[in-house]
Amino acid sequence: MIDTVVVLLVIIGLFFTVVSTIGVLRLPDVYSRTHAAGKSATLGVMSIMLAVFIHFLSHGTMNAKILLAIIFLFMTAPLASLMITRSAYRTGVKLSDNTTTNDLADMYKEHTKESN
């Protein structure tokens, strides 16, 4: 039963990692690409690491480092993609021509007015 769970988690992780790779290669701008990398790649890698943890736990080895790595990845990867996106927006990286909504424009206009 444990081997089935491990295989299922690896397959889920592989699926999300492949989807993330396709998203990074095919999406039109840096904002969409960082979204693909920040969300689905994080979920994919966390699933694979959880499978590794469960596999070694079933053999009697408790490795807390893997759990700490999962927690660290869960907290830092989406935040890193957010910071990359925000800095790209602030430095003037162009949005895709297909972009219909720009939620950051109003926020940065208000921020610029307050600082002046």
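Start by selecting helix α1, residues 2–26, together with α2, residues 30–58. In this predicted model, α1 passes α2 in a left-handed crossing. Look along the pair and you will find their axes 8 Å apart, packed at an angle of about 160°. An angle over 145° counts as roughly antiparallel, so that is how α1 and α2 run relative to each other. Now colour the contact of α1 with α2 by residue class: 19 residues are nonpolar, nine are polar and one is charged.

Stay on α1 and pick out aspartate 3, which sits in this helix. Is aspartate 3 buried or exposed? With 52% relative accessibility, aspartate 3 counts as exposed, because the cut-off for that class is over 50%. Next, add serine 58 to your selection and draw a C-alpha to C-alpha distance: aspartate 3 and serine 58 are separated by 8.9 Å, although their positions lie 55 residues apart in the chain numbering.

Move along to valine 6, also in helix α1. Its relative accessible area is 12%, and since buried means under 20%, valine 6 is buried. Which distance should you check here? Try alanine 51: its C-alpha is 4.7 Å from that of valine 6, with the two residues 45 apart in sequence.

Now hide α1 and bring up α3, residues 64–90, beside α2. The axes of α2 and α3 cross at roughly 175° and come within 9 Å. That makes this pair roughly antiparallel as well. The contact of α2 with α3 divides by class into 19 nonpolar, five polar and one charged residues.

For the last stop, turn on a pocket surface. How large is the volume of the largest pocket? The value is about 340 Å³. Select Tyr31, Leu82, Thr85, Arg86 and Leu104, the closest to the pocket centre of the 16 residues that line it. Then colour by element: α2, α3 and α4 (103–115) are those that give two or more residues to the lining. The biggest share comes from α3, with six residues. Finally, switch to colouring by class, and the lining shows six nonpolar, seven polar and three charged residues.

Methods. Residues numbered from 1 in each chain as written. Predicted model: local features only at pLDDT ≥ 70, side-chain atom pairs only at ≥ 80, totals over all residues. Heavy atoms only, no water. 1 Å grid on protein atoms, 1.4 Å probe; cavity = no way out; pocket = protein on both sides within 12 Å on 5 of 7 lines; lining within 4 Å. Points joined across faces, edges and corners; volume = space filled by probe spheres on them. Helix = DSSP H or I, 4+ residues; strand = E, 2+ residues; numbered from the N terminus. Nonpolar A, V, L, I, M, F, W, Y, C, P; charged D, E, K, R; others polar. Axes fitted to C-alpha atoms, helices over the stretch in contact; angles between N-to-C directions. Parallel < 35°, antiparallel > 145°, perpendicular 65-115°, else oblique. Left-handed = near helix turned anticlockwise from the far one by under 90°. Buried < 20%, exposed > 50% of the residue type's maximum accessible area, 1.4 Å probe, protein only.
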